[in-house]
Amino acid sequence: MKTLSAVLGMTAAAAMSLSSLPASAQTYPDRTITMVVPFSAGGPTDTVARLVAESMSKDLGQQIVVENVGGAGGTLGAGRVAQADPDGYTILLHHIGMATSATLYRKLAYDTLNAFEYVGLVTDVPMTIVARKDFEPTDLKGLVDYVKANKDTVTVANAGIGAASHLCGMLFMSAIETPLTTVPYKGTGPAMTDLLGGQVDIMCDQTTNTTKQIQGGTIKAYAVTSPERLAVLPDVPTAVEGGLDGFQVGIWHGVYAPKGTPSEATERLSKSLQVALQDPNVVARFAELGTVPSPAADATPAALKAKLEGEIARWKPVIEAAGQYAD
């Protein structure tokens, strides 16, 4: 009888605990979720987001709709999510710009580290140093020599201040100790269009945006920024192989929710993200784009928070030394 009473008591306590949770937490998700991508549709971050959103939708049993809110280096979209209702139905997929914006923008409308809950890391995309297909240099060493000798005429395209291409281009100029004329665009698409058309000379951008163009021979590739060559681009040497010692940079992506989002929701989203990153279709598509999904241990709130903190500290001195700010 005592054992039965104890079991009944535990059952009642559990029932009371569940009943004390908000109804939305008990049934989450029960409607469509909006995933904000703070860049234009068709760009590399948008491509990653749509692949992940599709797979997560299947696991969650509710559709995740991707909404592109571009502008101001990703800070407009991030700001929208920071101000959204913390109910788990508005989330953000952002890249390394989440860290660099903390220094690039001296008057942000939100506190980068404290305005969000963390869901998990998605992927770390390598970069490529590319040029218009008829650009004169034939290898990375030749490229560096050429741009140093022609620094007043060589142009570097990027998708706007704070974009991955801007950050990588800034690191490239820092590495070769040569300032070049930068040409910012409103998105990766227009920047790539002008590179293809020969209106600009070089660009440093994610493999998710450049791989197909490199494979098709419509642009010239000089290096990848990963520690090793990529299976999808086996003939493209690493930047280190090409003579840029220590030039390794990846554009990592993470998923966030507004501050105050219930832990039940962020934990469910994190588990769903882990499932999506093991989806064979996602793995295969990522491979085609020159990247791999983050391991389950990184697709967690704790791992993403630690990554963001470390990257803010890493990029702050780089940006301050360059003296390039967005405001």
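Which residue forms a salt bridge with D59, and how far apart are the closest N and O atoms? Let's work through this and a few related exercises together.

The model is predicted: local features need pLDDT of at least 70, side-chain atom pairs count only at pLDDT 80 or more, and totals for chains, interfaces and linings use all residues. Residues are numbered from 1 along each chain as its sequence is written, and side-chain values use heavy atoms, with hydrogens and water left out.

**Exercise 1. Find the partner of D59 and place both residues in the fold.**

Step 1. Start with the criterion: a salt bridge is a side-chain nitrogen of Lys or Arg within 4 Å of a carboxyl oxygen of Asp or Glu.
Step 2. The partner of D59 is R268, with the closest N and O atoms 3.1 Å apart.
Step 3. D59 belongs to helix α3 and R268 to helix α10 (residues 263–276), so this pair ties together parts that are 209 residues apart in sequence. Helices here are DSSP runs (H or I, at least four residues), as are strands (E, at least two), numbered from the N terminus.
Step 4. Now check accessibility, where buried means under 20% relative accessible area, exposed over 50%, and partly exposed in between (1.4 Å probe, protein chains only). D59 is partly exposed at 28%, and R268 is partly exposed at 25%.

**Exercise 2. Describe two salt bridges that each lie within one helix.**

Step 1. The whole structure holds 12 salt bridges; one of them joins R50 to D46, with the closest N and O atoms 2.9 Å apart.
Step 2. R50 and D46 are 4 residues apart in helix α3 (residues 44–60), a separation of about one helical turn.
Step 3. R50 is partly exposed at 38% relative accessibility, whereas D46 is buried at 4%.
Step 4. For the second case, take E288 and R285, whose closest N and O atoms are 3.5 Å apart. They are 3 residues apart in helix α11 (residues 280–288), again about one helical turn.
Step 5. E288 is partly exposed at 45%, and R285 is partly exposed at 30%.
Step 6. Elsewhere, salt bridges that share partners join R132, D134, E136 and D201 into one network.

**Exercise 3. Locate the disulfide and say what it connects.**

Step 1. The structure holds 1 disulfide (a pair of cysteine sulfur atoms within 2.5 Å).
Step 2. The disulfide joins C168 to C204, with an S to S distance of 1.8 Å.
Step 3. C168 lies in helix α7 (residues 164–175) and C204 in strand β7 (residues 202–206), so the bond ties together parts that are 36 residues apart in sequence.
Step 4. Both C168 and C204 are buried.

**Exercise 4. Classify the Y110 and F116 ring pair, then look for charges over rings.**

Step 1. Rings of Phe, Tyr and Trp (its six-membered ring) pair if their centres lie within 6.5 Å; planes under 30 degrees apart count as stacked, over 60 as edge-to-face and the rest as tilted. The structure holds 6 aromatic pairs.
Step 2. The Y110 and F116 centres are 5.7 Å apart with planes at 80°, so the pair is edge-to-face.
Step 3. Y110 is buried at 9%, and F116 is buried at 1%.
Step 4. Y110 and F116 form one aromatic cluster with Y118 and Y256.
Step 5. A charge sits over a ring if NZ of Lys or CZ of Arg is within 6 Å of the ring centre and within 35 degrees of the ring normal. R31 lies over the face of Y89, at 3.7 Å from the ring centre, and the charged end of R106 sits over the ring of Y325, 4.1 Å from its centre.
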